[in-house]
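Dear colleague,

I am handing over a structure that I would like you to look through at your own pace. Please open it first, and then read my notes beside it.

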Amino acid sequence: LKNSLAPLVLIGGGCAGCEDDLYSFFNMCNIPAICSLRGLDCINNSYHAFMGMVGEYGSYTAKVAAYNCDLLIVLGSRLDDRQIGYDISEFCPHAKIVQIDIDNNEIGRKVKDGILIHSDVKDFLQYFSKHCSPSAFTFNNWVKALNDCKKKKDYLIPTDMCYIANRTIQHILELSPKESIYTIDVGQNQMISAQILSKRTS
């Protein structure tokens, strides 16, 4: 991480229950983050370096971040085909991949030549926080470049089409209290909701 210029964290469902440790990690390192579908509940959309969901239905900026990063830290994600595609060599092609997972059946299943750490994500994050100095990391230029990309490209919704699904879900988000819980069935609506809805409370 000290030698990286463009690191990235991929948050998976395995981060559930350790959000406080996750935010401590981000506050210490200022690293951009992307997430899987199951990782959406684990990060607040207000985190300044959150670039959205990665994968087939993911955000443009999340894909740009994955393609251009030089280090990918995978926290509790199995890296399924919907996230990375069917050719692992084309996913994060310039990056060293570090995968942290507690499930022996998932760790290393897709990543063969990366650094594999068999650990609960919470234990890993707490260990990292104890042994690393916040002053050791600064990635401001990388974060700024991704945020500039995010402002221009992510999930643009046409203003002249009032009744498309994206616009409808955007209105629901705008009208809902921050503490709202959304229940979504499986299908295209699930993917659109994952793109538009965001976690706005802790």
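What follows is an account of what was found, going from the sheet to the cores, the aromatic rings, the cysteines and a few single residues.

Please keep in mind from the start that this is a predicted model, and that every value below was computed from it.

The sheet is a good place to begin. Strands of a sheet pair through backbone hydrogen bonds, and they may do so in a parallel or an antiparallel way. Here six strands form an open sheet, in the order β3-β2-β1-β4-β5-β6, and the pairing is parallel. The edges are formed by β3 (50–53) and β6 (115–118), each of which pairs on one side only. If you ignore direction, neighbouring strands of this sheet are turned against each other by 15° on average. Within the sheet, β1 (residues 7–11) and β4 (residues 71–75) run parallel and are joined by five bridges, and in β4 you will find V74 standing opposite L10. Helix α4 (residues 121–131) packs on this sheet, where it touches β4, β5 (96–101) and β6, and its direction makes about 130° with that of β4.

Next, the interior. In soluble globular proteins, nonpolar side chains tend to be buried together. The largest nonpolar core in this model has 53 residues, and those with the most contacts inside it are I11, F25, F26, I34, L72 and L75. If we leave aside the neighbours within four places in sequence, I11 is in contact with several residues, including L22, F26, I34 and L75. There is also a second, separate core of five residues, among them I169, L173, I192 and I196.

Two members of that second core, I192 and I196, also appear in helix α7 (residues 188–196), where M191, I192, S193, A194, Q195 and I196 are buried. The buried residues of α7 pack against β3 and α6 (165–175). A residue that meets this helix from elsewhere in the chain is L37, which lies in the loop between β2 (33–35) and β3. Not counting residues up to four places away in sequence, L37 touches M53, Q190, M191 and A194. L37 is nevertheless partly exposed, because its relative accessible area is 36%.

Which residues make up the aromatic cluster? The cluster is formed by F25, F26, Y47, F124 and F128, and the count of aromatic pairs in the model comes to four. One of these pairs is F124 with F128, whose ring centres are 6.3 Å apart and whose planes stand at 35°, so the pair is described as tilted. Both residues lie in helix α4, four residues apart, which is about one turn of the helix. Both are buried as well, since F124 has a relative accessibility of 17% and F128 has a relative accessible area of 13%.

Now to the cysteines. A disulfide is a covalent bond between the sulfur atoms of two cysteines, and this structure holds zero of them. Why is C29 in no disulfide? Two sulfur atoms would have to lie within 2.5 Å, whereas the cysteine sulfur nearest to C29, that of C132, is 6.8 Å away. C29 is buried, with a relative accessible area of 0%. C149 is in no disulfide either, and its nearest cysteine sulfur, that of C69, is 14 Å away. C149 also counts as buried, at a relative accessible area of 15%.

Finally, two backbone angles deserve a look. Most residues other than glycine have a negative phi. N30, however, has a positive phi near 55°; this residue sits in the loop between α1 (19–29) and β2, and it is buried at 14% relative accessibility. C92 likewise has a positive phi, of about 50°, although it is not a glycine. Its place is in the loop between α3 (81–84) and β5, and C92 is buried, with a relative accessible area of 4%.

One last residue to find is Y60, in helix α2 (residues 60–68), which is partly exposed with a relative accessible area of 43%. Y60 and K152 are 92 residues apart in sequence, yet their C-alpha atoms are 9.8 Å apart in space.

With best wishes

Methods:
Residues numbered from 1 in each chain as written. Predicted model: local features only at pLDDT ≥ 70, side-chain atom pairs only at ≥ 80, totals over all residues. Heavy atoms only, no water. Buried < 20%, exposed > 50% of the residue type's maximum accessible area, 1.4 Å probe, protein only. Pairing = 2+ DSSP bridges. Helix = DSSP H or I, 4+ residues; strand = E, 2+ residues; numbered from the N terminus. Axes fitted to C-alpha atoms, helices over the stretch in contact; angles between N-to-C directions. Contact = heavy atoms within 4.5 Å. Phe/Tyr/Trp six-rings, centres within 6.5 Å; stacked < 30°, edge-to-face > 60°. Core = buried A, V, L, I, M, F, W, Y, C linked by side-chain atoms within 4.5 Å.
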